[in-house]
Amino acid sequence: MQTYLLSQQFNARSLAKNSTACPANATICNGTSCVLPEDNFNETLSVILSAVLTIMLALVMFSMGCNVELGKFWGHVKRPWGIFVGFLCQFGIMPLTAFLLSLAFNVLPIQAVVVLIMGCCPGGTASNVIAYWVDGDMDLSISMTTCSTLLAMGMMPLCLFVYTTMWTDSDTIVLPYDSIGISLVALVIPVSFGMYVNHKWPSKAKIILKVGSIVGAILIVLIAVVGGILYKGSWIISPKLWIIGTIFPAAGYSLGFLLARVAGLSWHRCRTVSLETGMQNTQLCSTIVQLSFSPEQLELMFTFPLIYSIFQLLFALLILGGYRVYRRYRVKTKTDVEKTEEKEDSKSTSSHAKTNGGFVSNETK
């Protein structure tokens, strides 16, 4: 009897000790095995931040629309050579580059698929903000983003069918057409309002554009920070994906610029096509990945869209910094040359005036 009581006391102490190993919010606790309630922190944070970012994005695109002239925009639509070059870059160069990188680095099939999904996505709206800062063609930039998002409805399934057949069945990839449609609406409506404001009140549109460009720069950084918060548990992935995530956007920027230049586009349009090619809609890629794969598969691939987003932003900032340095040096040099020429012209004019009795023609004034 005494032995039985001691055994009961020992078991009670053991259970009490084991129970302390379970968190206070555990719903079922059996020894050290505990069932915890589902952590909805990331889901709640994602919903709140998505709403805030959507509102900010709409405001930014409204301000970008304030720099678009309806006549020039319509000119790109009627003579869509620039849009066609962008289309070749977006749905020709990028999926092919994704395919070649996946083969070159011999990644897992599931990882190759996420790289290809990223390559098949349309251009992101961040490219419009960067295009403004590098003095790109805003009319072409916005028309390219709009057209690539619209054409993604048909081109994404086609590209994924062509390139993913050696790794997976394309039917397993779920394309969120509602998300693509929402992206299109969120782009077209604010830009349309901005174009109307630019048409009716040009002076106010310039003020809105300056404020919106600053907000846009903040928004790009904020999206990167938010991604780091939401997906902080998924950073341990294959080093090969980190390397691909570094090379891929750089290849997109370079090849887009090269093809635009070969196609005979002007320099400011080449910069625009380059940015539209390298900057992908990473949010759309993340949505497709979440809808298409199991949690076990997501552990191998889920962070890649965020990696691509970070490096596409870093390279875009390098392009912006390089352009600003070049522009400052070029403008300064050009100004000095013009001032020198003006001085020489004024000297020759004054000597000419003395020779001709002080008469100066209207053409030389």
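**Packing of helices α7 and α8 and selected buried residues**

In this predicted model, helices α7 and α8 are roughly antiparallel to each other, because their axes cross at roughly 165° and angles over 145 degrees are classed in this way. Helix α7 comprises residues 138–163 and helix α8 residues 177–200, and the two axes come within 10 Å. The crossing of α7 and α8 is left-handed. On the α7 side, the contact is made by Ile-142, Thr-145, Thr-146, Thr-149, Leu-150, Met-153, Met-156 and Pro-157. Helix α8 contributes Tyr-177, Ile-180, Gly-181, Ser-183, Leu-184, Leu-187, Val-188 and Val-191. Of the residues in this contact, eleven are nonpolar and five polar, while no charged residue takes part.

A further set of contacts involves helix α11, which spans residues 267–278 and includes Thr-272. Thr-272 counts as buried because its relative accessibility is 1%, under the 20% cut-off. When residues up to four places away in sequence are not counted, Thr-272 touches Gly-136, Asp-137, Leu-140 and Ser-141.

With regard to cysteines, the structure holds zero disulfides. Cys-121 is in no disulfide, and the nearest cysteine sulfur, that of Cys-285, is 4.8 Å away; a disulfide would require the two sulfur atoms to be within 2.5 Å. Cys-121 has a relative accessibility of 0% and therefore counts as buried. Cys-66 is likewise buried, with a relative accessible area of 3%.

Terms used. Residues are numbered from 1 along each chain as its sequence is written. This is a predicted model: local features need pLDDT of at least 70, side-chain atom pairs count only at pLDDT 80 or more; totals for chains, interfaces and linings use all residues. Side-chain values use heavy atoms; hydrogens and water are left out. Helices (H or I, at least four residues) and strands (E, at least two) are DSSP runs, numbered from the N terminus. Buried means under 20% relative accessible area, exposed over 50%, partly exposed in between (1.4 Å probe, protein chains only). Contact means heavy atoms within 4.5 Å. Axes are lines fitted to C-alpha atoms, for helices over the stretch in contact, and angles run from 0 to 180 degrees between N-to-C directions. Angles under 35 degrees count as roughly parallel, over 145 as roughly antiparallel, 65 to 115 as roughly perpendicular and the rest as oblique. A crossing is left-handed if the near helix is turned anticlockwise from the far one by less than a right angle, and right-handed if clockwise. Ala, Val, Leu, Ile, Met, Phe, Trp, Tyr, Cys and Pro count as nonpolar, Asp, Glu, Lys and Arg as charged, and the others, Gly among them, as polar.
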